[in-house]
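I opened this notebook page to look up charged side chains, a ring contact and a helix pair, and I write down each search in turn.

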Amino acid sequence: MEQHGHHHDAEDHGEHAHHGHGHTHGIVDPSIATTDRGLWALKWSFVGLMVTAAIQVVVVVLSGSVGLLADTIHNFADAATAIPLGIAFWLARRGRSRRFTYGLGRVEDFAGILIILTILASALVAGYESITRLIHPEPVGLLWAVMVASVVGFAGNEAVAVFRIRVGKQISSAALIADGYHARVDGWTSLAVFVGAVGVWAGYPLADPIVGLVISAAILVIVWQSARSILLRMLDGVESETLDEIAHAAGHVARVEEVTDVQARWIGHRLHADVSVTVPAGLSVAEGHDIARDVRHQLLHHLPHLGGVMVHIDPNGQGGAHHHRVGPHSHDHLPLHSHE
């Protein structure tokens, strides 16, 4: 008798014991825990960038440096990217509903697109300002203050970048990682202001715009890398290593004879998987359910960002999606048809 469609959601189940050792999964909803950590990272990185930009504003007013002004604007823009991503994390905390049965985690990917567009705008603005400065050089006063402010800008952005990227990798948020790289790009822009100021001090007024053009090109590289990561998730792409890990974990469960199909996709920073396994024929529904539960258990141990899991149980000899196809047939006066 075929058994399939045992659904186990990693976000819904609470405490359970497993073969003599007691531990729990799901007492605290992992999606809530990770989004809270994301919000925490955004909050403190926002504060750090605002303090950095405020210090630079003072130097801009005193020196009249257009380059530093552009860098300060970038820092304010970088701090502002925390707003759409924070909204996305807040919406994800609401969980699933009758209308949004998978929750609102996908909003995080849309926030990632906004971040990518912001990074792209930064590259275009930096490039435009650099070209303008090449054509129309302008004197800069208080070079020492500009240098100090640029170092402050670099240090503040790099600290925020390390913080966001680290937390983003911990909770597997592509959008937060992209936002971290955006902060790193702005740090490079700040460093470019420092190099340009040194060049101006040494008697080479065109050093500032030349360095700005180099940084603009580097920003475009970051745009491509971040956009590829975000778009991969929006198109339900997943790394092959993740699929291999799912198949490996499920295949080591007792009485699982073969893992025939594995599908997975990211919804925000939570992974959702569908796994088909074959088991000995003749098992009862209860035994099939126990195997599905054990498969889910193993997946939870191997994939820390796992959300929902759908485990399909098939008897030996009938595993794989092709065994579920309905061949050509007719009924209710309908023409001959089939279901794939």
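For the ring search I count a charge as sitting over a ring if NZ of Lys or CZ of Arg is within 6 Å of the ring centre and within 35 degrees of the ring normal. The model I am reading is a predicted one, and every entry below should be taken with that in mind.

**Entry 1, rings.** With that rule in hand I found that R233 lies over the face of W266, at 4.1 Å from the ring centre. I also looked for pairs between aromatic rings, and the count came to zero.

**Entry 2, salt bridges around R106.** I searched the whole structure for salt bridges and noted six. Side chains of opposite charge can pair when their charged atoms come close. Which partners does R106 meet in salt bridges? I found one with D109, at 3.6 Å from N to O, and another with D236, at 3.1 Å from N to O. The pair of R106 and D236 links distant parts of the chain, 130 residues apart, since R106 sits in the loop between α3 (82-92) and α4 (107-135) while D236 sits in the loop between α7 (207-234) and α8 (240-251).

I then asked whether D109 is buried or exposed. D109 is buried, because its relative accessible area of 2% falls under the 20% limit. R106, in contrast, counts as partly exposed at 22% relative accessibility, and D236 is partly exposed as well, with a relative accessible area of 32%.

**Entry 3, R255 and E287.** I next followed R255, which forms a salt bridge with E287, and the closest N and O atoms of this pair are 4.0 Å apart. This pair, too, links distant parts of the chain, with R255 in the loop between α8 and β4 (258-267) and E287 in helix α9 (residues 285-302), 32 residues apart. R255 counts as partly exposed at 40% relative accessibility, and E287 is also partly exposed, with a relative accessible area of 30%. Going back over the salt bridges that share partners, I noted that they join R106, D109, D236 and R265 into one network.

**Entry 4, backbone angles.** I checked phi for residues that are not glycine, and D236 came up with a positive value of about 65 degrees. D236 is the residue I had already placed in the loop between α7 and α8. R255 likewise has a positive phi of about 75 degrees although it is not a glycine, and I find R255 in the loop between α8 and β4.

**Entry 5, the pair α3 and α4.** Two packed helices are described by the angle between their axes and the distance between the axes. How do the axes of α3 and α4 cross? They come within 8 Å and cross at roughly 175 degrees. Angles over 145 degrees count as roughly antiparallel, and α3 and α4 are therefore roughly antiparallel to each other. On the α3 side I listed P84, L85, A88, F89 and L91 as making the contact, and on the α4 side V107, E108, A111, L114 and I115.

Technical notes
Residues are numbered from 1 along each chain as its sequence is written. This is a predicted model: local features need pLDDT of at least 70, side-chain atom pairs count only at pLDDT 80 or more; totals for chains, interfaces and linings use all residues. Side-chain values use heavy atoms; hydrogens and water are left out. A salt bridge is a side-chain nitrogen of Lys or Arg within 4 Å of a carboxyl oxygen of Asp or Glu. Buried means under 20% relative accessible area, exposed over 50%, partly exposed in between (1.4 Å probe, protein chains only). Helices (H or I, at least four residues) and strands (E, at least two) are DSSP runs, numbered from the N terminus. Rings of Phe, Tyr and Trp (its six-membered ring) pair if their centres lie within 6.5 Å; planes under 30 degrees apart count as stacked, over 60 as edge-to-face and the rest as tilted. Axes are lines fitted to C-alpha atoms, for helices over the stretch in contact, and angles run from 0 to 180 degrees between N-to-C directions. Angles under 35 degrees count as roughly parallel, over 145 as roughly antiparallel, 65 to 115 as roughly perpendicular and the rest as oblique. Contact means heavy atoms within 4.5 Å.
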